[in-house]
Structure formats: C-alpha cells, structure tokens
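Thank you all for coming. Please have a look at the structure as it comes up, and I will then talk through a few of its parts in turn.

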Amino acid sequence: MSLRCVILTWCIRQARPALEENPVNKRKIGNVKLCVLSCLVVLTLSQANAFAQTSTTTGSSPTPVPPVPNPCTPRFTAGSVVHQPPALFSQNGVLNVRFSYQQTTDSVGRLLHCFMTPNGIQEPTLHVKPGDTLNITVTNNTPMQPFGEPYNPPNCGDSRVEFTPQPVGTPSVGSSVNIHYHGTNVTPQCGGDNVTRTLINSGSTFRYSFTFPTDEPPGLYWYHPHVHGLAERDLLGGATGALVVDGIQNVQPAVQGLRHRVLVIRDQPQLNSLTEGPGNCGVDVPFQDISVNYVPIDSHQDPITKAVTFIPAVLHMETGETQFWRVTNSTADTILDLQVDYDGVPQTLQIVGIDAVPVNSQDGTQPGHLIPVTHFRLPVASRVEFLVKAPASTVQVAQLMTTNINTGPQGDCDPTRAIFNIQLLAGDNDEPAQDDNVGSFTALSTSQQRFGGLSSMSVSTTRNFQFSEIQPSQFFITVVGQPRLVFDNNNPPAVVTTQGSVEKWIVANIAQENHEFHMHQIHFKVLSQDNFEINGSPQAPAINGQFLDMIETPFWDNVKNPNQSSAPQVQLLMDFRGMDIGDFVYHCHILSHEDLGMMAIIHVNQKP
C-alpha cells in the first residue's frame, strides 16, 4: 500500500469516532480537519512538482532560503530528557537569522510545521538585548495552495492569501505564513511585527527588520505564525520558538549566576485520537496532547478501565541547586496551571517575571520584590519565569505538573498531568555553556521601565468589550455598542486611538467557556479580576498590579448568574504611550477561537 493510502486510511479511522459522537462539536471537528488536512498535505507533497511555484521576493528583495532536508526534526520520544533549545545570540547590536518555513508529517500522519535555519536548526531561541536590531529572512518552502481573498492595500509581501475557508467540518487548506513576535513592544509597520497585512506565500521570501526599544523589559517572549485561519494548525504543527531579551539579572539580581531552563510547552493533536473529556475533566482525555521542548507527553487510556495516564518527560537538576525556569505556553489551545510537587506537596515558586516584564520592576524601589506562589495559572500564549529549588535527595517523586482547568460547560478538557519528572544528578553538564547560565550581575538597571508611571497618568477613555459565541462556528470580541463581526483582515478598525493615550479597557466574557485576551504591541496593567468566584473560577494569582500581554477571562455561569452584569470581567490599564503607531490586533489566543473570528483591529494615530 502506498504512503498516501496508509495516511488516508489512518485519517478516516481517526475522524470517524468524532463525527459519529457529535457532528456539530467544533472541538471534535477541529481534530477531523487536522487529520484530513494531513492527508491532503501528503497528497500535495507527492505531486509538488505539478505546481508551478512562482518564486517571488518581498521586503527589499532578500536572497531566498533553500529548503532544508529532513525538516521539523528532532521531535523526541515520550519520556526523553528535556534539553535547552538551540540558541542564536545577537552580536554588536544585530541578530541576523535565515528561516526556511517547511512542513511534513510525522510517523502517525500528523501535520508538522517548522522554521528551519540553513544548517538544520529547528525553531532556535533568539537572544537579543534592548536596542538591538533583529533581521529575519523567511522563505516559504511549503507547497502552493489555492488562493483565497485579496488583502486590501497597503500590503507587506504578497497581497492575496493562500488559504480557503471551508464549511465547519471540512479542512481549511492554505500555505501562507508570517511571524508574530509575541509580547514585543516593536513597530507594527511593514517589516516589523505586522500580522494584518503581511503574507509570505509559497515560493516567496520576506525580510523582517526592526529594532527593539532601548527600554524593552528583559524577559521571555516568543514567535509564531499568525495568518488568520491557519494559526491553530500551524502552532499544533510546532512552528514556535522562544525569544529572550537578555539582561534580566541586572533588573532582578536574584537570578544572577543561576542556570536557566527555557521550557517551550506546545500542544499537538492526540497521538491516539481518544474521545475528549468534558470541560472540567479532572484526569481525563485532553483536547490536545502537549510537549515540552518537543518531548511529547502523550495521553493513553486503558481500554477496559478507561483510566487515563500520561508519560512525563525528564529534567535534570543538580543536588542542592536553584534553577531559573522560563516557561512559555506556546500552545494553540491549552490552558496550563503550573505547580511543582515534591511527593505530592506543592512547592513555593518565586515569580521573577510574567509576560516578559520582571515583577514589580516598573515603579517603586528597585529591585522589585519577587512574588511567592504555590501554583501559577498560565493562559495560552503567556509566559512565566520563576525560581525552583531542587528537591532533597529523600524526595521520591518530584514533578512539574499542570492541574485541571475548569474551562466551562462548552470548554476544552485541560486535565491534570505531569509535564516532567525531576531527576537529581551530582553534576549536570547537559547543556551548551553559552546558554546554560543566565549571566552575572554587573550593575542594577532601572532603564527598562517602559511602563513606569502608567498608574499616575490620566485615563483618556474607558471602553467595554465582550467575548461571545454563536456555536459552532462564529466567535466574537466586540466593543459594546458595535455590531458583532467575525474577523476579516479587510475589516475596518474596531478601535481608533492616539499615541500617548492611556485607556481603561473592561473585557467581559459572556460565553460558556474560557477566553484568553491578548493585546499585540503593548502591555497592560491588571487592575482587577471581577466576578470570577461567583462563576466558579478562582482569580489568577500574582497578576494584579503587574504588566501583561495575556489574561484569562473565565466562562460565565449563566444558569447560576443569569444577569449578564455578573459575567466575569477583567479591568486593564492600556499603555499607548510608546511608538506603536498603525494597525495591529487584539484577540482570544485560544487559536481555534481566533481562527473562527474572535479578533479585531485597532488603529493608533500618531500623536499630533
């Protein structure tokens, strides 16, 4: 039997239970779409020579990056040791990177996507310093697909997307790509962090070039594709990497000299295509399997008892040491609630940074104090950096866990599962010396206070927003008083403001599942989390008063609290004082929701 027939047979087998169970359930449909799409990719790859791929270059006519053999590797086996991702470092104020964007399928037919360097490095961690320039050349070496709608000018790169929306339950096929530099406070203009007008189609090459602000806070950012309609698929395929603005040891000396671990948590379609558990599932079959630094934590279910188990990865620590863990939730759909357990006892974690801003670093006496917690809620796309002390040699089981999330009656199953077991070594020299240590303290820096003084500014306006849905296929984030619209790249801005403004945004969730608010280009200060407990959700620890680019708004229990004014909401202070002029977006970062329309455009006018 040919490979195409094998994959097609597998896809049909995977799809049938989901469709028989509930033909209008958007979550099961999503898995079906990915299965069928993987089949189409195999068919496309086998006939790639039949496409007349016109090679074009955009963005200052850069030299194309040729495809790399054996792309999207290594992807490790379950139970493997977690290693630091490969890393690239800026030199003399510049980091130059060349990426070939490619796709393939794994051994069970799941679709993989990746950014590969010419020498075969997959999604390296990019290290820069405040004020550095990042130059990234990307060639899209995925197979050509049919064209969809044109993007209204002005365009960055190609002007018509290679993506065709299909009815719910059938695959959306596309090949366009771009890159979002998540959390960075850089320009949204062409060549910068622009997702509304940047398209890199099959055979095209594009060059990003932008400079980080000199006051950019040091910490953990990340990068990923962001073409509307393809975002979930591409992240489930693994096309994400970490981005670190170095220098955090001079803002928070508590981390100086410590070994750090960059931990990129991704998700992927289930290995075994099991029936997903409910939205508050405890220990059950997840919506998606997860991985850490490409080591999978696969879910398995006993066919008789139906008990669900997971195979955790392994992370090495030296006896008696404290490590600095830098965790990015680079999943498409999976909410995490992180907890370090030693023989079942949650340990105290010292929070150093959230969403790439050192905690308590923007105002007041410096260095700011750390925040002790025993768990940390990590929304999709959020990051957290914290100190962890190695377990005593007497501890039998030491694990990084994610605990069960109550995502609501229409939410996904995000269950309790171990991510990795901690293994003690007398000496651990697993990692390259250049990226094993966070660096030495040189002098206390107060020059990275990009958001300093925000609370003392006058609020120019207050805006109210709502997350809402029409199941199974229409998802909205709406300015209250405006009509509900699913996102389209050609939509006009839903919000228009002016550089220098400070605004108060109140974001409510009137849907029966959780949503994750993300703002491009800027950060916001968290003022409050309202009506969480009365709707059955705890407030997220450690975030009130901190500067974030991600925050969760949990589901509305409209049975217990039928008055819409009782829906959960967050109050945020939005900082438009930077140089982020132009069009960018805000959206739910559960990407199955964003792809179904839960995104909108904001336009910032230059200050007169």
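Before I start, one definition: when I say strand, I mean a DSSP run of E of at least two residues, and the strands are numbered from the N terminus. Please also keep in mind that what you see is a predicted model.

With that in hand, let me begin with the second largest pocket, which has a volume of about 340 Å³. Twenty residues line this pocket, and the closest to its centre are Arg-75, Phe-76, Asp-106, Arg-110 and Gln-268. Which strand gives the most to the lining of this pocket? That is strand β15, residues 260-268, with three residues. As for its chemical character, the lining divides into eight nonpolar, six polar and six charged residues.

Next, the open sheet, in which five strands follow the order β2-β5-β14-β13-β10, with mixed pairing. At its edges are β2 (87-89) and β10 (180-182), each of which pairs on one side only. On average, neighbouring strands of this sheet are turned by 25° against each other, if direction is ignored. If you look at the edge strand β2, you will find that β2 runs parallel to β5, residues 125-128, and that three bridges join the two; in this pairing, Leu-88 has Leu-126 of β5 as its bridge partner.

Let me now move to another set of strands, and start with β34, residues 502-509. Seven of the eight residues of β34 are buried, so this strand is largely enclosed by the rest of the structure. Strand β31, residues 461-470, runs parallel to β34 and is joined to it by seven bridges, with Arg-463 standing opposite Trp-505 of β34. Strand β34 also pairs with β39, residues 569-575, this time in the antiparallel sense and again over seven bridges. Here Trp-505 has Leu-572 of β39 as its bridge partner, while Glu-503 is matched with Met-574 of β39.

Staying with β39, is this strand mostly covered or mostly open? It is mostly covered, since seven of its seven residues are buried. In a regular strand the side chains alternate between the two faces of the sheet. In β39 both faces are covered, with Gln-569, Gln-571, Leu-573 and Asp-575 buried on one side, and Val-570, Leu-572 and Met-574 buried on the other. Strand β39 has an antiparallel pairing with β36 (residues 524-530) as well, over six bridges, and there Gln-529 stands opposite Val-570 of β39.

Gln-529 also brings us to the cavities, of which the count comes to eight of 30 Å³ or more. The second largest of these holds about 80 Å³ of space, and Gln-529 is one of the residues that line it, together with others including Asp-337, His-375, Arg-377, Phe-532 and Glu-552. The lining of this cavity divides into five nonpolar, four polar and three charged residues.

My last stop is a single residue, Thr-331, which is found in the loop between β21 (322-329) and β22 (336-342). Is Thr-331 buried or exposed? Thr-331 counts as buried, because its relative accessibility is 0%, and the cut-off for that term is under 20%. Its side chain makes a polar contact with the side chain of Asn-329, at 2.7 Å.

Conventions: Residues are numbered from 1 along each chain as its sequence is written. This is a predicted model: local features need pLDDT of at least 70, side-chain atom pairs count only at pLDDT 80 or more; totals for chains, interfaces and linings use all residues. Side-chain values use heavy atoms; hydrogens and water are left out. Two strands pair if DSSP finds at least two bridges between them. Helices (H or I, at least four residues) and strands (E, at least two) are DSSP runs, numbered from the N terminus. Axes are lines fitted to C-alpha atoms, for helices over the stretch in contact, and angles run from 0 to 180 degrees between N-to-C directions. On a 1 Å grid over the protein atoms alone, a cavity is a set of points where a 1.4 Å probe fits but cannot get out, and a pocket is an open set with protein on both sides within 12 Å along at least five of seven lines; lining residues have an atom within 4 Å of a point. Grid points are joined across faces, edges and corners, and a volume is the space filled by probe spheres set on the points. Ala, Val, Leu, Ile, Met, Phe, Trp, Tyr, Cys and Pro count as nonpolar, Asp, Glu, Lys and Arg as charged, and the others, Gly among them, as polar. Buried means under 20% relative accessible area, exposed over 50%, partly exposed in between (1.4 Å probe, protein chains only). A polar contact is a pair of N or O atoms within 3.5 Å; within protein, one must be able to donate a hydrogen and the other to accept it, and residues adjacent in sequence count only if both atoms are side-chain atoms.
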